[in-house]
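Student: I have a structure in front of me that I have never seen before, and I would like to learn how to read it step by step. Could we begin with what a record says and then turn to the coordinates?

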Amino acid sequence: MSVKNICCIGAGYVGGPTMAMIAKKCPHINVTVVDLNEARIAAWNDEDVSNIPVYEPGLSDVVAEARGRNLFFSTDVNSAIDIAEVIFISVNTPTKMYGAGKGQAADLKWIELCARQIASVAKNDKIIVEKSTLPVRTASAIKDILTHTGSGVSFQILSNPEFLAEGTAVEDLDSPDRVLIGGDDTPEGQEALRKLVDIYANWVPRDRILTTSVWSSELSKLTANAFLAQRVSSINALSEICEKTEANIAEVARAIGTDSRIGSKFLKSSVGFGGSCFQKDILNLVYIAKSYGLNEVANYWEQVIIMNDHQKTRFASKIVSTLYNTVNGKKIALLGWAFKKDTNDTRESPAIHVADHLLFEQANLAVYDPKVSEEQVYNDLDYLKTRERAENRANLQVYLDPYEACKGAHAIAVLTEWDEFKTYDWKSIYNNMLKPATVFDGRNVLDIAELKAIGFQVRSIGSTL
Ligand SMILES: NC(=O)c1ccc[n+]([C@@H]2O[C@H](COP(=O)([O-])OP(=O)(O)OC[C@H]3O[C@@H](n4cnc5c(N)ncnc54)[C@H](O)[C@@H]3O)[C@@H](O)[C@H]2O)c1
């Protein structure tokens with residue numbers, strides 16, 4: 001029997017876009033995305049589709065096409081579980097912040113809650129799909145909970161990690177490099193796997209749908225993120241050597257990127273990687289390696305995080321040292337708060353770390369980001385618990401206009417690579433700043449020659465230009 005009803009638990013950055021795409025491509029399947037967060041569901045259902053809670057280019061069009069037809073957003077988790085033949089679990093799996101594994105292991109409490117809820121509601125056989133990124137062998141824990149607390153119905157667990165990149169989610173979902181599905185090597189497991197393959201095959205060529213064991217699939221997602229983050233840390237490590245030796249990281253990246261064994265993507269030096277996944281997934285990998293006593297493996301991967309932390313701190317320290325070793329009371333404009341362009345996601349954004357460092361040095365910060373709200377900026381800083389909430393509000397202001405943010409500033413730090421930053425009237429910005437006016441380009445996106453001709457001092461990553 002083919003699948004007619006899908007439920008997805010978790011309406012976040014993964015659940016929302018992935019299910020919207022399945023609904024768009026499979027009008028014969030009803031897709032219901034559920035979440036405990038009422039405000040989030042209300043935003044997904046907002047009549048004005050530009051108010052959906054996840055900003056991604058093209059996403060509001062996909063939602064507009066399918067919503068109300070075969071795509072539904074709801075807080076009624078039980079009904080959606082009850083009716084679905086396939087249930088995706090797409091809840092958050094952040095780094096655990098307490099107890100054993102604190103600061104490294106993935107916190108699986110939301111996954112376990114989902115499994116228990118599914119078990120208590122399910123009255124017929126279900127296929128459970130791990131869409132969240134999970135430690136290898138989590139499927140056996142989910143299976144355990146389902147079989148011990150369920151009412152005798154049969155569950156098949158598949159792993160189907162999501163590889164979309166925020167900022168290009170719609171493109172990535174529409175035309176993925178690959179879809180990965182892991183299933184049990186039993187007749188029932190293989191049948192479940194075939195059903196999920198058939199859903200994706202509505203728009204993804206079958207040779208791009210890879211099938212593996214559940215364990216390989218789970219581990220592949222952690223590995224993919226570890227490799228991607230490792231490339232960023234590798235190029236960033238070399239950016240520091242460039243700054244000492246007058247080599248230029250952009251030239252080095254181009255020179256090595258033309259080697260087809262290395263490839264040119266993900267070789268852009270910057271203030272560091274952010275986002276909810278890279279750090280969390282590497283820490284998770286480190287934790288798994290340690291738990292098997294594989295200390296050399298753990299140390300190897302941990303270094304990727306250590307390098308990333310170093311890059312963020314190095315960037316912030318350079319601002320302080322360039323501004324004559326004191327930023328006390330100086331206005332510094334931060335352009336960009338999101339962890340990358342074309343998303344409103346700020347989780348683990350390098351901007352948070354840089355701002356915290358500069359606030360510690362008693363700078364006066366002016367933040368502008370085209371998609372991030374004032375409330376989010378303050379939430380991100382408050383979450384660090386480095387200082388009183390009132391202090392964060394007294395020493396950091398969020399602006400709706402980038403020109404106002406830069407007015408009267410000693411320096412500007414570019415922390416997200418938003419395209420619009422390249423189009424600004426930099427002459428007018430310069431005229432309204434204190435002199436010497438310095439730009440710290442943490443993303444290497446601005447035209448250094450143009451800025452220098454205007455009169456700016458420029459500090460970029462990985463070059464002494
Ligand atoms: N963000 C990405 O780019 C990305 C990419 C690939 C994989 N992933 C993985 O996907 C998973 C989800 O990530 P995200 O960024 O969408 O997280 P998110 O925090 O944006 O969304 C998770 C949602 O799940 C909801 N939720 C939690 N427990 C629930 C429950 N018991 N019942 C109903 N709803 C519940 C939360 O309220 C939240 O809205 C994580 O494991 C993440 O590592 C994320």
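Tutor: Let us begin with an annotation: UniProt, in an unreviewed entry, places the feature "domain: UDP-glucose/GDP-mannose dehydrogenase C-terminal" at residues 333-448. Bear in mind that the model itself is predicted.

Student: What are the helix and strand shares over residues 333-448, and how many Å apart are the end C-alpha atoms?

Tutor: Over that stretch the chain is 35% helix and 16% strand, while the C-alpha atoms at the two ends lie 18 Å apart.

Student: How many helices and strands are there in the protein chain?

Tutor: The protein chain holds 18 helices and 14 strands. Its radius of gyration is 24 Å, close to the 23 Å that the globule rule gives for 465 residues, so the chain is as compact as a globular protein of that length. The C-alpha trace spans about 75 × 50 × 45 Å along its principal axes, and buried residues, those with 20 or more other C-beta atoms within 10 Å of their own, make up 45% of the 465 residues.

Student: At what angle do helix α5 and helix α6 pack?

Tutor: Helix α5 (residues 109-121) and helix α6 (residues 138-149) pack at about 30°, with their axes 8 Å apart, and their crossing is right-handed.

Student: Which residues of α5 and α6 meet?

Tutor: From α5 come I111, E112, A115, R116, I118, A119 and S120, which meet T138, I142, I145, L146 and T149 of α6. Sorted by class, this contact has 7 nonpolar, 3 polar and 2 charged residues.

Conventions
Residues are numbered from 1 along each chain as its sequence is written. This is a predicted model: local features need pLDDT of at least 70, side-chain atom pairs count only at pLDDT 80 or more; totals for chains, interfaces and linings use all residues. Axes are lines fitted to C-alpha atoms, for helices over the stretch in contact, and angles run from 0 to 180 degrees between N-to-C directions. Helices (H or I, at least four residues) and strands (E, at least two) are DSSP runs, numbered from the N terminus. A crossing is left-handed if the near helix is turned anticlockwise from the far one by less than a right angle, and right-handed if clockwise. Two residues are in contact if their C-beta atoms, placed from the backbone, lie within 7 Å. Ala, Val, Leu, Ile, Met, Phe, Trp, Tyr, Cys and Pro count as nonpolar, Asp, Glu, Lys and Arg as charged, and the others, Gly among them, as polar. UniProt positions are given in the numbering used here, feature names are shortened, and annotations may be inferred rather than shown by experiment. The radius of gyration is taken over C-alpha atoms; the globule rule is 2.2 Å times the number of residues to the power 0.38. A residue is buried if 20 or more other C-beta atoms lie within 10 Å of its own, exposed if 12 or fewer, and partly exposed in between; C-beta atoms are placed from the backbone.
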